[in-house]
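Got the viewer open and the selection box ready? Let's take a walk through this one, stop by stop.

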Amino acid sequence: MMEIKKRQRVTLDLRKNLAVPTPTFVQNDTNILEFIIKDNGADADLSNVDNITVTFKRPDGTITTTKLNQVGNVITYHFGFEEMAIPGHGELSIQFFQGSNRLSSNNLKVYFAKSLSTEFEKSAGMPILQELFIEVATVTENAIDAGNYALEQAAEADQKAKYAKTQGDRAKAEADRLQGTDVSKLDQQVRTINEQLSASNRHHQILSQDQHILNGSQNAPLDIHIEGRTLIPMQNTVLDAAKYYVLADKKTSLKWADNTVTQGIAKFTGKAEKPRVIKITNFEGKVFGSTMENPHVMKRAGNQSNFVPPTGTWQELSTPENVQVSKLDSNVLRQTSINANAIPQKLMSFNLIEEVERTIGRIPRSTVAEKIQWLKENITRITCNWHGFGSGVAGNKASLTVWAYGDWQDSNSNTSSNVTRISRSLTTSNDMVNSIDSNGFTHFLVYGEPSDGNATSYLNTDYVDFEIEFKTTATLHDPCIPLYEVGRTEYDKILANYDENTVIARYPRLQGMQHLQNPYVIAEGGNLLDPYSVKNANILNLFEQPYSAEFEWSNGFSLYLAEKLPVNKNQTYTFKYEKELFSNDVSIYISDETDTVNLIAGTTNKTLTFNTGNYSRINIRAIRTNALPGKVKLFNWILTLGSSGKPFVARNPSHLFANVILSQIGDRKDTLFRDNGEWKLRREIVRDVVLDGSLPWKLANDLLGIKRISVEVPNASSLIPATPSMININQIATKHDGTALKLFLSVPTERDQFALFGVTGQAHDKQIFLSVSDTDSGFAESYVPIQNEIKAYFNGWKVKLIDLNGKPTAWQSVVDGKDAPTQTLTYVSANRAPNYTPYKLSYALATPVTEVVTEKVEGDIAINGLTQVEVGSGVIIREKAKTEASSTVVHINDVERPNTYLEYKADKIINIYKNGVIDNGWAIASGRSFGISRASLPISDFDATAEYTVTYLALDRQLFTTNPVSIPVSWAGSLKGTVTDVVNKQADDRAQISVNTRLIYDVLLRLKAGGL
């Protein structure tokens, strides 16, 4: 049987009484207690000590005495079976003698947890328990070591404070004795030292989605509260003229019935109508050969004497060229033609389906053909805007046309010698039918005049965008436009206290109603660069190890040590690295993420300090200094905050990952916090109660054009607070298409209203009332539907045909209009329509409920001087990995291997675990991924018997979470406060470890009882 050794340490001082943590052991293990002996804070000299004895009193009163020996200032005590015979708290006294004189004694408590039975220890369950206890023991030892360290620091701080005060008083007295001596500076120094060592002030800050800089004068743990958030996009909703709204997207406009337009970023008071959406898109973020970042494409053809059709031969623009045409800045992309009759021309193809579903909402159809038909029926205008100019033998001219009716149509032109806009629109229903191709694309062509074979013809493109305008009646499901209702206080802060970037972060694009899900906090005070951050561009024989890359240059350009690295704007950073040169030197360039603006431009220095200016992402590149091929080794790269470079250390961020959902309605919000060593969730909101056909709906009233329908909310009990109006005002509800329902305080008078009644002892207690339009349900105006017919509607079916009495005889989907596969009331009342999202209700509890969620929270946060803190949501914690091997490498989330895909597209893989322990052997890279991030491991390092799990950030976070906007944090501002926090946290951890130990014991006893 494997022996379990458990070693713990405590610090004792011969001259001072220090608080000592309680060591915790398990009966019958090999338990060792080490005493670190101090003398007034310094290592004790025990050379004059003749005899050291330990007396241990068991819980039953039995006393044992043992003589110990020391090595230096360390004394080791091996507990025997007699001391461990009785579980519980024992009392230990260690005494130091010189001859017969006792020099000092110290007392402390020791706890022994009950051991398993002998029978169980011989069973198959014991090895499992041993592994678990080893892990618990390690955590316990680390926690107690941290506590001892904190106590030592407290002792040192106390001694330093007393010494500084004594020396300061002496110096001041001496200085006062000397005439004309200015002692004010000395006084101030003494006060400063005293304050630093003794003060207990705390720093407070509220974090939100983004990166932040926290500055702790001491290394200190961070106290964190995470508050909930819920947002509902309002584009499908008739707005309220008495309420306030924000539009948080620069590429979206809202058109109103009076033809006025609201263009984001903007705030406004509502109009009593549903807005018409105008969406603008361009080539921002476009990557050559990829549709992941941007689904549109621009291509060139320069040596053709005719206009090339969309299906002809074209050359796609490179990534830097796409960057050049994605901003209106007079920085033109020039295309030339010199051959006789050759026409410089560019094809601009816009993917309507992808653009709409990524940024506006889900098209309520299933197949590509059905989605294209919906677009043709619901788009009222398509416009391409090209900014540039052309020049040729006959002067300046550029023209813009559109592909429709099987050919290029009439063009619009400009004859300017400067950047000027040309627009070409499609506005009729026939235009829509004949311009959107079978893949959902619309194509535009811009061209210059043909060359005569002598003079070059030029086509200069500065910027291109594309507008889609929808009919007012167009309703996309799971709306994505960041149009939200806000309170008056928040409204006043928008574009006043909050700049445009803050507004965008606070009000992100979401797909339908979303709550804050899986928030995270990552703190880094040391190296901000990964060990495998190298991305090569045209280099040979790359041999990469952690923080080391040896390679040979080819004819390429650069090697990236960091690409699109998130940084804080207007922040100073220092980059350092080492290098070995064999035949070629390297220069370092630090630039914005597009490599357009250099913050550091080509230096061979190995320490570089720079300011990020207005950039939030940067690239760090190594470029060879001459054209000679050669070998180079770069290693120990480090990026740190501030202007003073730090010695190389590996990246070691602290993190907090929470697998929880936090909601908010009005001023009521869920909160995640730590209390007495446990993570707790103060639950104030009941979220997303599904209102589908499984509930016993009934007709309450038949009103003009609408039917008022009600049902008792499941499991509501007494959780809903009563108000004078009997209605809980802290409630929200959404319809199947994502429309936000309006709360009414009396009888509804229009469609899409609702109310949840409180507990008042009346007949409608705990009931929700909904007003459903006859247009939505298909019910005849005067028809009284029975319960199963109402259930059918809440399962996603509407009436298609009725008999002479108005009774439904056929049903179709409210999503896409398709017939129910079985046209019986029994079927539609019991089965949901495909792709149907039910109505949902969320409401505030009368009394908040606190839940312990420690098992759903991983990690903890500490700040280390100047610390960069990233806050966000959408972290996926320890998802089981699906792996696949090639001849030499094992892959995770490789786009060419669908069997390795993670559940969500990965923005960034944070860690990969092997049997629950971080496995640093995996190389994490971008590109060729399901999303942005993938991982690979040499097949020789792969253990097929192990379980591999992945923690990562989801790319499409708008599908299931919103951004956090309120995370209050605090940390100690002094050494005393830091020591207090560490000691308190260590005590909490020790208590939690004791609980976990007991739980493990109980679980394994149950396993034993079950026949393990």
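Which strand does Pro519 lie in? Select residues 519-524 and you have the answer: strand β34. Keep in mind as you go that this is a predicted model.

**Stop 1: Pro519**

Stay on Pro519 and turn on the surface. Pro519 counts as buried, because its relative accessibility is 0%. Now show what surrounds it. Leaving aside neighbours within four places in sequence, Pro519 is in contact with Ile226, Leu656, Phe657, Ala658, Val660, Leu662, Gly872, Ser873 and Val875. Pick Gly872 from that list and draw a C-alpha to C-alpha distance: Pro519 and Gly872 are 5.8 Å apart in space, with their positions 353 residues apart in sequence.

Zoom out for a moment to put that in context. Among contacts in the chain between residues at least 6 apart in sequence, 74% join residues at least 24 apart. Switch to cartoon and you'll have 14 helices and 71 strands on screen. Of the chain's 1012 residues, 49% count as buried.

**Stop 2: the four-stranded sheet**

Next, select 875-880, which is β63. This strand belongs to an open sheet of four strands, in the order β63-β70-β66-β67, with antiparallel pairing. β63 and β67 (917-918) stand at the edges with a single partner strand each, so one side of each has no neighbour in the sheet.

Add β70 (residues 948-954), which pairs with β63 in the antiparallel sense over four bridges. For one of these strand-to-strand links, label Glu879 and Val950: Val950, in β70, is the bridge partner of Glu879.

**Stop 3: a strand with two faces**

Jump to residues 607-611, strand β42, and show the side chains. Which of them are buried? Leu608 and Phe610, which point to one face; Thr607, Thr609 and Asn611 point to the other and are not buried. Bring in strand β39 (residues 572-581), and you'll see it pair with β42 in the antiparallel sense over five bridges. Phe575 has Leu608 as its bridge partner in β42.

**Stop 4: the largest nonpolar core**

Time to go inside. The largest nonpolar core has 52 residues, and the members that touch the most others are Met348, Leu375, Ile382, Trp386 and Phe444. Strand β31 (residues 457-470) gives this core its largest share, five residues.

Center on Leu375. Not counting residues up to four places away in sequence, Leu375 touches Leu352, Ile353, Val356, Ile363 and Ile436. Leu375 is also one of the buried residues of helix α7 (residues 368-378), along with Lys371, Ile372, Trp374, Lys376 and Asn378. Color the elements that these buried residues pack against: α6 (352-359), β25 (379-391), α8 (429-435) and β31.

While α6 is colored, click Thr359, which has its place in that helix. Thr359 is buried, with a relative accessible area of 13%. Its contacts, leaving aside neighbours within four places in sequence, are Lys279, Cys480, Ile481 and Arg509.

**Stop 5: the cavities**

How many cavities of 30 Å³ or more does the structure hold? Three. The largest has a volume of about 70 Å³. To frame it, select Gln235, Asn236, Lys274, Pro275, Val277, Ile360, Phe470, Lys471, Ala474 and Leu476, which line it. Color by class and that lining splits into six nonpolar, two polar and two charged residues.

**Stop 6: the second core and its helices**

Last leg. A second, separate core of 32 residues includes Tyr793, Val814, Tyr836 and Tyr843. Start from Tyr793, one of the buried residues of α12; the others are Glu789, Ile790, Lys791, Ala792 and Phe794. Helix α12 (residues 787-794) is mostly covered, with six of its eight residues buried. Just past the helix, check the backbone angles of Gly796: its phi is positive, near 100 degrees.

Finish on Leu825, in helix α13 (residues 825-828). Is Leu825 buried or partly exposed? It is partly exposed, with a relative accessible area of 26%. Leu825 touches Ile786, Asn788, Glu789 and Trp811, not counting residues up to four places away in sequence. Draw one more C-alpha to C-alpha distance, from Leu825 to Glu789: these two are 36 residues apart in sequence and 6.9 Å apart in space.

Notes. Residues are numbered from 1 along each chain as its sequence is written. This is a predicted model: local features need pLDDT of at least 70, side-chain atom pairs count only at pLDDT 80 or more; totals for chains, interfaces and linings use all residues. Side-chain values use heavy atoms; hydrogens and water are left out. A nonpolar core is a set of buried Ala, Val, Leu, Ile, Met, Phe, Trp, Tyr and Cys residues joined through side-chain atoms within 4.5 Å. Buried means under 20% relative accessible area, exposed over 50%, partly exposed in between (1.4 Å probe, protein chains only). Contact means heavy atoms within 4.5 Å. On a 1 Å grid over the protein atoms alone, a cavity is a set of points where a 1.4 Å probe fits but cannot get out, and a pocket is an open set with protein on both sides within 12 Å along at least five of seven lines; lining residues have an atom within 4 Å of a point. Grid points are joined across faces, edges and corners, and a volume is the space filled by probe spheres set on the points. Ala, Val, Leu, Ile, Met, Phe, Trp, Tyr, Cys and Pro count as nonpolar, Asp, Glu, Lys and Arg as charged, and the others, Gly among them, as polar. Two strands pair if DSSP finds at least two bridges between them.
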